[in-house]
Amino acid sequence: MAINYSLILYMAFENIQFEGLYEKTLVIVKPDGVQRGLVGEVIRRLELKGLKIVGLKMAQLNPDKLREHYAHLAEKPFYPGLEGFMMKNPVVIMALEGKGAVEAVRLIAGVTNAGKADGGTIRGDLAMGMCNVIHCSDSPENGQIEVKRFFNDGEVFNYDKTEYLHVYMEDERAGLR
Ligand code: ADP
């Protein structure tokens, strides 16, 4: 009996389970990253890791948005400098999705002070100090909040990425692990 491979493939893709893979995180390529031509390098590293881009745009941030975003730092002496730096030039903003996406991106990003970040990380490889190329959410709760803060309805896309079949084991896709 002839085997219908296209039917088997169709059924396999129809049954892709993405439960548990919808955690979202926000990445901002900061003005230093845009000015230094590092947007492509940042996106390359995030895509190679297996993260799914669900939103992407360029924006110029304003004081209100920054004060909300950096509320935990608003009283710090360095805040005015941080605000000025973040507003001065455009940024590129990304919403990314994946299993454990927040932690995965924090690991790829490296610690805050790029001068002390591990080699192999974005900050460790591409920067020297507090001009540290990217922002990334620090918890799944903040990931959700930050994606909503920077993306309007209709700017975040919901689509199946068939690559997931090769990024996660079946039980990981099913949310069992
Ligand atoms: P992260 O960006 O690693 O989540 P924070 O939320 O603590 O770290 O800080 C936000 C940003 O503020 C940092 O990425 C850095 O650009 C800037 N920043 C943090 N601490 C300092 C500092 N002591 N002096 C100057 N800038 C700072």
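Ile28 in strand E1 has His135 of strand E4 as its bridge partner, and this pair is a good place to start reading the predicted model. The two strands run antiparallel and are joined by three bridges. E4 covers residues 134-136, and His135 turns up again among the residues around the ligand.

Now look to the other neighbour of E1. Strand E3, residues 91-97, is also antiparallel to E1, and six bridges join the two. Along this pairing, Leu26 stands opposite Ala95, while Val27 stands opposite Met94.

Stepping back, you can see an open sheet of four strands in the order E2-E3-E1-E4, with antiparallel pairing. Strand E2 (52-59) and E4 are at the edges, and each has a single partner strand, so one side of each lacks a neighbour in the sheet. On average, neighbouring strands are turned by 15 degrees against each other, direction ignored.

What packs on this sheet? Helix H8, residues 140-150, does, touching E1 and E3. The direction of H8 makes about 55 degrees with that of E1. Helix H3, residues 39-49, lies across E1, E3 and E4 and runs at about 160 degrees to E1.

Let's return to E1 itself, residues 24-29, and ask how many of its residues are buried. The count is six of six. In a regular strand, side chains alternate between the two faces of the sheet. In E1, Lys24, Leu26 and Ile28 are on one side, with Thr25, Val27 and Val29 on the other, and both faces are covered.

Helix H6, residues 101-109, gives us another set of buried residues: Ala101, Val102, Val105, Ile108 and Ala109. Why do they sit on the same side of H6? They cover an arc of only 130 degrees around the axis, and that puts them on the same side of the helix. The cover over the buried residues of H6 includes strands E1, E3 and E4. Helices H3, H7 (122-126) and H8 are also included in that cover. Just after H6 comes Gly110, with a positive phi of about 90 degrees.

Finally, find the ligand. Around the ligand are Leu73, Phe78, Leu82, Thr112, Met130, Asn132, His135 and Asp138. This shell divides into four nonpolar, three polar and one charged residue. With His135 in that list, we are back at the bridge partner of Ile28.

Conventions: Residues are numbered from 1 along each chain as its sequence is written. This is a predicted model: local features need pLDDT of at least 70, side-chain atom pairs count only at pLDDT 80 or more; totals for chains, interfaces and linings use all residues. A residue is near a molecule or strand if its C-beta atom, placed from the backbone, lies within 6 Å of it. Ala, Val, Leu, Ile, Met, Phe, Trp, Tyr, Cys and Pro count as nonpolar, Asp, Glu, Lys and Arg as charged, and the others, Gly among them, as polar. A residue is buried if 20 or more other C-beta atoms lie within 10 Å of its own, exposed if 12 or fewer, and partly exposed in between; C-beta atoms are placed from the backbone. Two strands pair if DSSP finds at least two bridges between them. Axes are lines fitted to C-alpha atoms, for helices over the stretch in contact, and angles run from 0 to 180 degrees between N-to-C directions. Two residues are in contact if their C-beta atoms, placed from the backbone, lie within 7 Å. The arc is that of the directions from the helix axis to the C-beta atoms.
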